[in-house]
Amino acid sequence: MSNDLTIQRSNSCPELSEYQDQQFRGDNEEHEKLLMESSTLYVENLSIYTTEEQIFELFSRCGDVKNVFMGLDNIKKTACGFCFVEYHLRADAENAMRFLNGTLLDDRIIHTKWDIGFKEGRQYAHGRCGGQVRDEFREDANVGGGGFGSQA
């Protein structure tokens, strides 16, 4: 496990987000409004070995972090490769989007996306095997970093 917190600036900073919680029941207009007001980021492609403390340390470089909610395997309740980072101010979250998207953390390039805001229960992955849905069908999953490849 590496504790590499190297910041590699990405050239892109997504306007809003293509990520949408499957549990969200509002329409696209309501979703977009929530994203525009949000100070919460969805962070993906984390190693299962990355800790909440590492996330907090890295994201605190961009502003005052209010909370970090680690994504958990729905069955084993262990880390499964994503988290939510909530800032006190939107401007701080914007800095994180600008400067941390594409950062190398624990030998994984992480991706940040706007999120509508954390609610209890959203920390659990929704894959059949308890983990992330997309990992179940990936042939090239990074087993060392927590991916578990094709389970189908």
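Of the 152 residues in this predicted model, 49% count as buried, meaning under 20% relative accessible area with a 1.4 Å probe and protein chains only. Residues are numbered from 1 along each chain as its sequence is written. Because the model is predicted, local features need pLDDT of at least 70 and side-chain atom pairs count only at pLDDT 80 or more, while totals for chains, interfaces and linings use all residues; side-chain values use heavy atoms, leaving out hydrogens and water.

The protein holds three helices and six strands, in the order α-β-α-β-β-α-β-β-β from the N terminus. These elements are DSSP runs, with helices (H or I) of at least four residues and strands (E) of at least two.

What lies at the heart of the packing? The largest nonpolar core has 22 residues, and Leu 41, Leu 46, Ile 55, Phe 59, Val 85 and Tyr 87 have the most contacts inside it. Such a core is a set of buried Ala, Val, Leu, Ile, Met, Phe, Trp, Tyr and Cys residues joined through side-chain atoms within 4.5 Å. At least two residues each come from E1 (40-44), H2 (52-59), E2 (65-72), E3 (79-87) and H3, with H3 giving the largest share, four residues. A second, separate core of six residues includes Cys 80, Phe 82, Phe 84 and Ala 125.

Helix H3 (residues 90-100) buries Arg 90, Asp 92, Ala 93, Ala 96, Met 97 and Leu 100. Seen down the helix axis, the buried residues of H3 fall within an arc of 160 degrees (taken from the directions from the axis to the C-beta atoms), so they line one face. Just after H3, Gly 102 takes a positive phi of about 95 degrees.

Definitions and conventions:
Buried means under 20% relative accessible area, exposed over 50%, partly exposed in between (1.4 Å probe, protein chains only).
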